[in-house]
Amino acid sequence: MVFDKLNTSVLKIIEPYRKWAIENPKLLTDLEETVQCLSYFTAGRFNNSTLTSELIYSLSNLIVLCNDLLMCSGKCLHLKFPQFKSKIKIWLTVVEYTETLFEISAKKIWGPSGRWFIVIVIQVFKTVLRLLLIHVYKEKVIKSPPLKPLNRNQLNESDEEKLKEGFTLKRSGTVVRSVRGSNSTHMRTWEPLSSNVKDNLNSSPVSERNIALAESLYVMKPLFHLGCISLTGEKQWPPWLLSLAIDLFSLKIFNKEVKKAVSLSKEDERELYKRRLALLLYILRSPFYDRCSRTRIYAILTALSNNVPLAKFIAEPIKRYLPHWQSTYFYVWSS
């Protein structure tokens with residue numbers, strides 16, 4: 001009873017802000033992007049800049065998430081998830097936005113042992129929640145972060161515009177054309193409307209299990225990597241090679257099953273494309289970076305700075321901040 005009254009009073013306080021956010025999505029987005037840019041300008045410029053930069057970055061992303069949830073509650077009812085599933089995705093998103101901040105803070109307060117303790121706790125927490133999404137809620141591909149920032153431009157679309165062509169059936173998720181929104185007979189198109197629910201009639205139980213296996217391996221990769229580090233030590237080849245092998249094996253299974261007519265949503269396909277691009281980050285991860293790519297990267301940046309007009313304004317800051325970024329962000333276990 002007390003909590004209900006508290007929630008009601010909090011909702012009354014934030015209701016004016018929620019209405020303002022819904023009515024001014026572009027201005028809100030500009031303000032959020034301005035705050036996010038501060039984290040990049042503060043990196044490496046003064047003492048404790050790493051902690052300050054991560055604090056600004058985490059807070060700015062959490063503000064975006066809170067604003068999206070407020071706006072979603074008012075106008076994007078079709079984006080709601082089942083209750084417990086939505087809580088899992090919210091917690092995962094919050095952790096992904098703040099994990100580096102927690103790690104840096106733990107290192108400053110408790111030293112390397114505290115840092116590794118926080119890393120292990122965070123990765124175990126993320127892995128358990130992601131496995132729940134895969135095996136309980138049948139998610140094929142876990143996004144990173146699970147809750148993407150809303151497209152604010154779509155918030156101004158009225159419900160009439162959304163229902164002009166058709167509507168979605170609650171149980172099946174099938175999109176059905178609306179009679180009222182139909183064009184004249186000679187202008188009608190008889191192609192089915194796009195639906196968020198993909199047709200998986202052609203996918204076999206074996207294919208579904210293979211996809212679940214591929215995604216489970218991917219989300220458990222941080223734990224395998226950390227376990228290998230505990231055996232071989234940090235910045236050694238076995239953890240680097242193990243993580244790369246898991247990434248390649250997972251993507252290979254996905255490619256194989258997609259060729260068998262297993263359908264994926266556009267969001268899932270974009271996430272897999274991001275994972276393929278992320279393989280390039282292995283050249284910035286130790287020990288490959290320390291022993292192979294660092295001298296070549298610096299040679300390329302120096303050549304660009306000396307020979308290409310105006311390139312030094314980009315190449316020199318990258319050379320200056322690359323050691324900071326490499327030691328802070330390019331961890332193989334983060335996924």
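The largest cavity in the predicted model encloses about 40 Å³ of space. By the rule applied, the count of cavities of 30 Å³ or more comes to one. The lining of the largest cavity consists of K89, L133, E139, V141, I142, K143 and P146.

One of these lining residues, E139, also takes part in a salt bridge with K85, in which the closest N and O atoms are 2.9 Å apart. Because E139 belongs to the loop between α4 (83–135) and α5 (159–162) while K85 belongs to helix α4, the pair ties together parts that are 54 residues apart in sequence. E139 has a relative accessibility of 13% and therefore counts as buried. K85 is likewise classed as buried, with a relative accessible area of 13%.

Salt bridges in the model number 14 by the rule used. As a general principle, side chains of opposite charge can pair when their charged atoms come close. A further pair is formed by E99 and K126, with the closest N and O atoms 3.2 Å apart; both E99 and K126 are buried. A salt bridge also joins the side chains of K148 and E271, at an N to O distance of 4.0 Å. This pair links distant parts of the chain, given that K148 lies in the loop between α4 and α5 and E271 in helix α8 (residues 266–278), 123 residues apart. The two partners fall into separate accessibility classes: K148 is partly exposed, at 37% relative accessibility, whereas E271 is buried, with a relative accessible area of 5%. Through salt bridges that share partners, K148, E215, E271, K274 and R275 are joined into one network.

With respect to overall architecture, the protein contains 10 helices and two strands. The order of elements from the N terminus is α-α-α-α-α-β-β-α-α-α-α-α, and the two strands thus stand between α5 and the helices that follow. Of the 335 residues in the protein, 37% are buried. The exposed area of the protein is about 21100 Å², of which carbon and sulfur atoms supply 64%. Among contacts between residues at least 6 apart in sequence, 72% join residues at least 24 apart.

Contacts between residues distant in sequence are illustrated by L51, a residue of helix α3 (residues 49–75). L51 and L101 are separated by 50 residues in sequence, but their C-alpha atoms are 6.7 Å apart in space. When residues up to four places away in sequence are set aside, L51 touches L101, I104, S105 and K108. L51 has a relative accessibility of 25% and so counts as partly exposed.

On the surface, Y17, W20, L27 and L31 make up a nonpolar patch of about 360 Å². Helices α1 (2–23) and α2 (25–42) each supply at least two residues of this nonpolar patch. Y17 is located in helix α1. The relative accessibility of Y17 is 34%, so this residue counts as partly exposed; for membership of a patch, a residue must have over 30% relative accessible area and no salt bridge.

How values were computed
Residues are numbered from 1 along each chain as its sequence is written. This is a predicted model: local features need pLDDT of at least 70, side-chain atom pairs count only at pLDDT 80 or more; totals for chains, interfaces and linings use all residues. Side-chain values use heavy atoms; hydrogens and water are left out. Patches are made of residues with over 30% relative accessible area and no salt bridge: like charges are joined within 9 Å, nonpolar side chains (Val, Leu, Ile, Met, Phe, Trp, Tyr) within 5 Å. Accessible areas come from the Shrake-Rupley method with a 1.4 Å probe; for residues, only the protein chains shown count as cover. Helices (H or I, at least four residues) and strands (E, at least two) are DSSP runs, numbered from the N terminus. Buried means under 20% relative accessible area, exposed over 50%, partly exposed in between (1.4 Å probe, protein chains only). Contact means heavy atoms within 4.5 Å. On a 1 Å grid over the protein atoms alone, a cavity is a set of points where a 1.4 Å probe fits but cannot get out, and a pocket is an open set with protein on both sides within 12 Å along at least five of seven lines; lining residues have an atom within 4 Å of a point. Grid points are joined across faces, edges and corners, and a volume is the space filled by probe spheres set on the points.
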